[in-house]
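Subject: A structure for you to look at

Hi there,

I am handing over a structure that may be new to you, with some notes to go with it. Please open it first and read on afterwards.

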Amino acid sequence: MCPDSLAGAAPRVARLACVYLPSLVLQLVLREHPQWRGAPVVVLDRELATGRVLAANRAALAQRVQVGMRYAAATTLASGLRATVCAPDLIADAQDRALRALITCSPRVEPCSEQPG
C-alpha cells in the first residue's frame, strides 16, 4: 500500500525551483580571459562598434557602462574597457554541465533556451 493512500497522510505538495546563473556569459568570458579580472569587461552581441552590451562586470558598471548600450558608447565611458563575444559553444557546454549536475538532484529538469544561465 502506498503511504500516501493511508488515512490521515499529509497530501503531497508540488515543488518548483528555478536555478539562475547570473551573468553566465560574463563568467565564461572571464574564465577564458583571466588576465581581464579587475578591468572593466563587457560581453557584446557582436564584435562591432554598433554591438550591444549584453553583460558588464562591476568595474565597467562603476564607470557608468550599462547593459543595452552600444559598444562605441561604452568605450567613451570606461577607460581600458575589454570586450568580446561569448562563443555559443561555450554557452551550450556550460548549460549542459549545469543541466547534468541538476539532474542528479531532481528527475525533472528543463533548461531555458531563451536566456543563457
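Below is what turned up, going from the sheet to the helices and then to the largest pocket.

One thing to keep in mind throughout is that this is a predicted model.

Let's begin with the sheet. It is an open one made of three strands, arranged in the order β2-β1-β3, and its pairing is mixed. At the edges you will find β2 (53-56) and β3 (82-85), each of which pairs on one side only. From one strand to the next, the twist averages 25 degrees. If you look at β1 (residues 41-44) together with β3, you will see them paired in the parallel sense, over four bridges. A handy place to pick this up on screen is V41, whose bridge partner in β3 is R82.

Next comes helix α1, which packs on this sheet and touches β1, β2 and β3. The direction of α1 makes about 115 degrees with that of β1.

Helix α1 (residues 24-32) also meets helix α4 (residues 88-103): their axes come within 10 Å and cross at roughly 110 degrees. Angles of 65 to 115 degrees count as roughly perpendicular, so that is how α1 and α4 are placed relative to each other. Which residues make the contact? On the α1 side they are L24, V25, L28, R31 and E32, and on the α4 side L90, I91, A94, Q95 and R97. By type, the residues of this contact divide into six nonpolar, one polar and three charged.

Finally, have a look at the largest pocket. What is its volume? The value comes out at about 890 Å³. The lining of this pocket consists of 21 residues, and those nearest its centre are A17, C18, V19, V109 and E110. Sorted by type, the lining residues divide into 14 nonpolar, four polar and three charged.

Happy exploring, and do write back if you would like to go through any of it together.

Best wishes

Methods:
Residues numbered from 1 in each chain as written. Predicted model: local features only at pLDDT ≥ 70, side-chain atom pairs only at ≥ 80, totals over all residues. Heavy atoms only, no water. Axes fitted to C-alpha atoms, helices over the stretch in contact; angles between N-to-C directions. Helix = DSSP H or I, 4+ residues; strand = E, 2+ residues; numbered from the N terminus. Parallel < 35°, antiparallel > 145°, perpendicular 65-115°, else oblique. Contact = heavy atoms within 4.5 Å. Nonpolar A, V, L, I, M, F, W, Y, C, P; charged D, E, K, R; others polar. 1 Å grid on protein atoms, 1.4 Å probe; cavity = no way out; pocket = protein on both sides within 12 Å on 5 of 7 lines; lining within 4 Å. Points joined across faces, edges and corners; volume = space filled by probe spheres on them. Pairing = 2+ DSSP bridges.
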